[in-house]
Amino acid sequence: MNGENAGWAERSDKVLIGTYARYPAAMVKGEGCTLTDAEGREYLDCLAGIAVCSLGHCHPAVTDAICRQAKELVHVSNFYYTRPQTELAELLTENSFADQIFMANSGAEANEAAIKLARICAGPDRYGIISLTGSFHGRTLATIAATGQPRFREGFEPMPEGFSHAPFGNLNVLEAIITNQTCAILCEPLQGEGGVRPLDVEYLKGVADLCKKHDLLLIFDEIQTGIGRTGTFFAYEQLGIVPDIMTIAKALGNGMPIGAMLTRKEIAASLVPGTHGSTFGGNPVAAAAAVATLKVILEDGFLDSVKEKGKYLQAGLEDLAARFPAHASGARGMGLIRGLVLTEKGIEHGADMVNKLFAKGILINFAGNAVLRFLPPLIITREEIDRLLTVLGEVLTEYEA
Ligand SMILES: *Cc1c(COP(=O)(O)O)cnc(C)c1O
């Protein structure tokens, strides 16, 4: 079926708005860490739909939960209770600092809920949210205002008021930006889109202390780092810092669109009927998929295996950096969110490296225009990691000549 990919690309480009620079493949099937395109080519998926399909594609437990729920009840709105939503909220609160959750359909919506909660909780005139440079919080107007990368805002001004950014890693400047209007600090424990940049633990502790000192809410955006990606259920567990509000999405439904905002009861109490809502949020099918996903991720030994494979991938990437110092300077990350940090010369070839890997049947991406990012399904095997490292080594060798 040669030409199928190009055929779909041509039809799609006519009718889809061009917000994405897509790779020339129409994906038709997924199983485990393998994707298959319309021409029958297979790919080792080390991106997992951007940290979404953590249990791999079409995990039987999740597919089964989706099918069963789809036969019983697909949607009723939030005017009524549904079983999957309650079960999901129980699982999330039993396994986190939070007492209560609000369900949305995406990461940006979860962050919108967090921004609204922080503001209503702080009361009139305290609306300022400080986030960090290099951060990414979504694509809605409020979340691009919060995102600490100007390129996401260009052409869309004016931005909603009340957002400011502090330079990554500098507590003094952060404190200087806090005013009487500030109500919250929003940050990712590890910046994903920004280039797999972990925040220094001491810095984060300093941020948490500033929040206490100035009576601010600490919001952790764990949309990319949550649900086992870093080797613990949530990244904050490894930092010894507990946020006041946390947002999650990506891996929550293993591919079904669902996001959530988690917080403590006292804070949540500011949101009363009529203050916030979502027609689809916590939809029964998406929530049932999330319940099935969480049950697997919380099984004994699952998160330990993520830590262990994360170390293995890190060691392999460090080895590549040592072998190709002209192009890569090192590796970083937590669990199975890892980045190969490129040198200036490497960055020039970064997009090309991703294309070459694609041509060799391996899917990854180039994050923050500086780092090759690896977000494989958490079920990836050591053999699959070896294949990724081998092919990446072949690609890096091509630049040596
Ligand atoms: C992906 C992401 C978002 C946005 O999530 P969407 O579901 O695309 O709206 C927000 N914050 C972080 C840290 C993310 O990685």
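# Exercises on a two-domain predicted model

β13 and β14 form a hairpin with 2 residues between them, and Gly-335 in the turn has a positive phi of about 50 degrees. Helices (H or I, at least four residues) and strands (E, at least two) are DSSP runs, numbered from the N terminus. The model is predicted, so local features need pLDDT of at least 70 and side-chain atom pairs count only at pLDDT 80 or more, while totals for chains, interfaces and linings use all residues. Residues are numbered from 1 along each chain as its sequence is written, and side-chain values use heavy atoms, with hydrogens and water left out.

## Exercise 1: the hairpin

Describe how β13 is joined to β14 and how far β13 is covered.

Solution. Start with the pairing: two strands pair if DSSP finds at least two bridges between them. Strand β14 covers residues 337–342, and 6 bridges join β13 to β14 in the antiparallel sense. Within this pair, Arg-332 stands opposite Gly-339 of β14. Next take burial, where buried means under 20% relative accessible area, exposed over 50%, and partly exposed in between (1.4 Å probe, protein chains only). Strand β13 (residues 328–334) is mostly covered, with 5 of its 7 residues buried.

## Exercise 2: the loop before β13

Is Ala-326 buried or partly exposed, and which residues does Ala-326 touch?

Solution. First place the residue: Ala-326 is in the loop between α11 (302–323) and β13. Its relative accessible area is 35%, so Ala-326 is partly exposed. Contact means heavy atoms within 4.5 Å. Not counting residues up to four places away in sequence, Ala-326 touches Thr-343, Lys-345 and Gly-346. As for Glu-344, Ala-326 is 18 residues from it in sequence and 8.6 Å from it in space, C-alpha to C-alpha.

## Exercise 3: the open sheet

Give the strand order of the 7-stranded sheet, then find its edge strands.

Solution. The order is β4-β12-β11-β10-β7-β5-β6, and the pairing is mixed. The edge strands are β4 (100–104) and β6 (163–166), each of which pairs on one side only. From one strand to the next the twist averages 20 degrees. Axes are lines fitted to C-alpha atoms, for helices over the stretch in contact, and angles run from 0 to 180 degrees between N-to-C directions. Inside the sheet, strand β11 (residues 245–248) and strand β12 (residues 259–263) pair in the antiparallel sense over 4 bridges. Ile-248 has Ala-260 in β12 as its bridge partner. Helix α4 (residues 83–94) packs on the sheet and touches β4, β11 and β12, its direction making about 125 degrees with that of β4.

## Exercise 4: the loop between β11 and β12

Is Ala-249 buried or exposed?

Solution. Ala-249 lies in the loop between β11 and β12. With a relative accessible area of 3%, Ala-249 is buried. Leaving aside neighbours within four places in sequence, Ala-249 is in contact with Ser-106, Gly-107, Ile-223, Ile-258 and Gly-259.

## Exercise 5: two helices

How many residues have α1 and α8, and which residues of α8 are buried?

Solution. The expected span of a helix is 1.5 Å times one less than its number of residues. Helix α1 (residues 4–15) has 12 residues and reaches 17 Å from first C-alpha to last, close to the 16 Å expected. Helix α8 has 13 residues and reaches 18 Å, close to the 18 Å expected. Now compare their cover: α1 is hardly covered, with 1 buried residue among its 12. In α8, the buried residues are Tyr-203, Leu-204, Gly-206, Val-207, Ala-208, Leu-210 and Cys-211. The buried residues of α8 pack against β5, α7 (171–177), β7 and β10. Helix α8 (residues 201–213) runs at about 145 degrees to β10.

## Exercise 6: domains and core

Where does the largest nonpolar core lie?

Solution. The chain is divided into domain 1 (3–58 + 301–400) and domain 2 (73–297), with bounds from an automatic or database domain assignment. Their C-alpha centres lie 26 Å apart, and 28 residues of domain 1 are in contact with 25 residues of domain 2. A nonpolar core is a set of buried Ala, Val, Leu, Ile, Met, Phe, Trp, Tyr and Cys residues joined through side-chain atoms within 4.5 Å. The largest one has 82 residues, and those with the most contacts inside it are Leu-88, Leu-252, Leu-340 and Leu-372. Helix α10 (residues 284–297) gives the largest share, 9 residues. Both domains give residues to this core, so it lies between them.
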